[in-house]
Amino acid sequence: MRGFFERLQWKMAAWMQGRNGVDGLSNFLMGVGLILLILSVVPGFDLLSWVVLAVLAVALFRSFSKNIAARSKENAAFEQAVQKPKRWLALKRKAWANRKTTRYFTCKGCGTVLSVPRGKGTLRVVCPKCKTETTKKS
């Protein structure tokens, strides 16, 4: 039985040669499809199952597509669109993890997020980007 699965793995790898494979947009579409699939079980959301089918079909189409240039362009546009929310979410996670030791605030000049250690009194902070000086209480 073990030999069967090893051969299957090699055949699948050979079949996937020259295909796009899974990327960020495909993963996102699969996640959205699974969430919608769970929601389609709720009574009253019967038509949602067709949307689930379409979303999962697009995700599979993207994964098995041989037009790698077009799929890369689509994925790059997706990654650029989600770059700002990902950065914001990472900053919020970092601020939550360091909430006891660090205080975060935004620069009035350029909007950059700055941090100062907590419990040090009133500090003069210089923004590294725009060189604006502010006095903040930590």
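## A charge over a ring

Let's start with a side-chain detail worth finding on screen: Lys136 sits over the face of Phe105, 5.1 Å from the ring centre. Keep in mind as you look around that this is a predicted model.

There is another arrangement of this kind to visit. Arg99 lies over the face of Trp96, and here the distance to the ring centre is 3.9 Å.

## The hairpin of E1 and E2

Phe105 also takes part in strand pairing, with Leu114 in E2 as its bridge partner. Strand E1 covers residues 102-106, and it runs antiparallel to E2, the two being joined by 5 bridges.

Between these two strands of the hairpin there are 6 residues. If you follow the backbone here, look for Gly111, which takes a positive phi near 90 degrees.

Which residues of strand E2 are on its covered face, and which on its uncovered one? In this strand, residues 113-117, Leu114 and Val116 make up the covered face. Val113, Ser115 and Pro117 belong to the uncovered face. Leu114, the bridge partner of Phe105, is thus on the covered face of E2.

## The hairpin of E3 and E4

Further along the chain, strand E3 (residues 122-126) pairs with strand E4 (residues 133-137). The pairing is antiparallel and spans 5 bridges. One partnership to pick out is that of Arg124, whose bridge partner in E4 is Thr135.

This hairpin has 6 residues between its strands. The positive phi to look for here is at Lys131, with a value near 65 degrees.

## Thr134 and its neighbours

Now zoom in on Thr134, which is found in strand E4. Is Thr134 buried or exposed? Its relative accessible area is 17%, and because buried means under 20%, Thr134 counts as buried.

What does Thr134 touch, leaving aside residues up to four places away in sequence? Its contacts are Phe105, Leu123, Arg124 and Val125. Phe105 is already familiar as the ring with Lys136 over its face, and Arg124 as the bridge partner of Thr135.

## Aromatic pairs

How many aromatic pairs does a search of the whole structure find? The search gives 3. One of them is formed by Phe4 and Phe5, in an edge-to-face arrangement. Their ring centres are 5.3 Å apart, with 70 degrees between the planes.

As for accessibility, Phe4 is partly exposed, with a relative accessible area of 42%. Phe5 is also partly exposed, at 46% relative accessibility.

Key
Residues are numbered from 1 along each chain as its sequence is written. This is a predicted model: local features need pLDDT of at least 70, side-chain atom pairs count only at pLDDT 80 or more; totals for chains, interfaces and linings use all residues. Side-chain values use heavy atoms; hydrogens and water are left out. Buried means under 20% relative accessible area, exposed over 50%, partly exposed in between (1.4 Å probe, protein chains only). Helices (H or I, at least four residues) and strands (E, at least two) are DSSP runs, numbered from the N terminus. Two strands pair if DSSP finds at least two bridges between them. Contact means heavy atoms within 4.5 Å. Rings of Phe, Tyr and Trp (its six-membered ring) pair if their centres lie within 6.5 Å; planes under 30 degrees apart count as stacked, over 60 as edge-to-face and the rest as tilted. A charge sits over a ring if NZ of Lys or CZ of Arg is within 6 Å of the ring centre and within 35 degrees of the ring normal.
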